[in-house]
Amino acid sequence: MLLSPLPEASFTARLRGEVRPDRPLIVVAAEAEATCFDDTHPVLVTGMGKVRAAVELTLALSSARPREIVNVGTAGSLRDLPCGVVEVSRVIQHDLPDEVLHRLSGVHYGRPLAVRPEPGPTLATGDAFVADGRTRALLAERADLVDMEGYAIASVAERFGVPVRIVKYVSDQADESAERAWPEAAAVASGALADWMRRHLL
């Protein structure tokens, strides 16, 4: 007798707490990145990737607006930045050919977004976990860090008129070692980001 394979686990987004106009909304992709967070602020765990991040944040904002959105999580380093917490100044999409689309249509669909006036790193967002040296080198020509949700979250925040901050823990070097490094780094990142929130968010 053949046994049916077990169904694969399906992710469900989760909102911890209530979105309120006097509190920031913390937005994070993975449960592993949020394990050390307390209940001081509401936390939305969206799941990984641009589509999930955009959909789940849009749903959360459709019923209430926070004081600001703070996207926290992990990011790979494209320029040998040391591990630690950094605040992003600018975010781009690395997997949308905006220049080509602009030539075809005359419209920009993925212009860079400034999220902080102070100088700081540029984050490249795309629906790929970057874990090879060749891709890393190409992305390093345009950005300092890479993730899978930041641009989507900044875009939704802009559309709803809510201020946004993007704060990332540099977890890996976005090369062949990244897939092995991320699970352990995510646990460290959660503690470091929780400490950053305690010190910087009122």
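Modeller: A salt bridge is a side-chain nitrogen of Lys or Arg within 4 Å of a carboxyl oxygen of Asp or Glu. The structure above is a predicted model. In this model D147 and K168 form such a pair, with their closest N and O atoms 3.0 Å apart.

Biologist: Which strands hold D147 and K168, and how many residues apart are they?

Modeller: D147 is in strand β9 (residues 145-147) and K168 is in strand β10, 21 residues apart, so this pair links distant parts of the chain by the DSSP assignment of strands. Both D147 and K168 are buried.

Biologist: How many salt bridges does the rule give in total?

Modeller: The count comes to 14 salt bridges. One of them joins the side chains of E87 and R165, at 2.9 Å from N to O. E87 lies in strand β5 and R165 in strand β10, 78 residues apart, and this pair too links distant parts of the chain.

Biologist: Are E87 and R165 buried or partly exposed?

Modeller: E87 counts as buried because its relative accessibility is 16%. R165 has 21% and therefore counts as partly exposed. The cut-off that matters here is that buried means under 20% relative accessible area.

Biologist: Which residues are joined into one network by salt bridges that share partners?

Modeller: The network consists of E87, R116, E118 and R165. Another salt bridge pairs R23 with D22, where the closest N and O atoms are 3.9 Å apart. R23 is partly exposed at 28% relative accessibility, and D22 is partly exposed at 34%.

Biologist: Let us turn to the nonpolar residues. What is the general idea?

Modeller: In soluble globular proteins, nonpolar side chains tend to be buried together. Here the largest nonpolar core has 26 residues, and L57, I69 and V91 have the most contacts inside it. Elements that give two or more residues to this core are β2 (24-28), α1, β4 (68-77), α4 (150-160) and β10 (164-172).

Biologist: Which element gives the largest share of this core?

Modeller: Helix α4 does, with six residues. A second, separate core has 16 residues, among them V167, Y169, A194 and M197.

Biologist: What does V91 touch, beyond residues up to four places away in sequence?

Modeller: V91 touches P112, L113, V115, L123, T125, G150, Y151, A154 and I166. The contact with P112 can also be read from the other side: P112 touches R90, V91 and I92, with the same exclusion of sequence neighbours. P112 sits in the loop between α2 and β7 (113-114) and is partly exposed, at 40% relative accessibility. Its C-alpha atom is 9.5 Å from that of T122, ten residues apart along the chain.

Biologist: Where is there a nonpolar patch on the surface, and which residues make it?

Modeller: V51, V55 and L59 make a nonpolar surface patch of about 280 Å². V51 lies in helix α1 (residues 50-61). V51 counts as exposed because its relative accessible area is 59%.

Biologist: How should I read a polar residue in the interior, such as N71? Which residues does N71 contact?

Modeller: Start with its place and its cover. N71 is found in strand β4 and is buried, with a relative accessible area of 1%. Leaving aside neighbours within four places in sequence, N71 is in contact with V27, D147, G150, I153, R165, I166, V167 and K168. D147 and K168 in that list are the salt-bridge pair described above.

Biologist: And where is H94?

Modeller: H94 is in the loop between β6 (90-93) and α2 (98-105). It counts as buried, at 17% relative accessibility. The side chain of H94 reaches the backbone nitrogen of G126 at 3.4 Å. With neighbours within four places left out, the contacts of H94 are A124, T125, G126, V130, L139, R142 and V146.

Biologist: One last feature, the backbone angles. What is the general idea?

Modeller: Most residues other than glycine have a negative phi. D80 has a positive value, with phi near 60°, and A174 also has a positive value, near 55°.

Biologist: Where are D80 and A174 found?

Modeller: D80 is in the loop between β4 and β5 (84-87), while A174 is in the loop between β10 and α5 (178-200). D80 counts as exposed, at 57% relative accessibility. A174 counts as buried, at 0%.

Notes:
Residues numbered from 1 in each chain as written. Predicted model: local features only at pLDDT ≥ 70, side-chain atom pairs only at ≥ 80, totals over all residues. Heavy atoms only, no water. Patch = residues over 30% accessible without salt bridge, like charges linked within 9 Å, V, L, I, M, F, W, Y side chains within 5 Å. Areas by Shrake-Rupley, 256 points an atom, 1.4 Å probe, with all protein chains shown as cover. Helix = DSSP H or I, 4+ residues; strand = E, 2+ residues; numbered from the N terminus. Buried < 20%, exposed > 50% of the residue type's maximum accessible area, 1.4 Å probe, protein only. Core = buried A, V, L, I, M, F, W, Y, C linked by side-chain atoms within 4.5 Å. Contact = heavy atoms within 4.5 Å. Polar contact = N/O pair within 3.5 Å; in protein donor to acceptor, adjacent residues only side chain to side chain.
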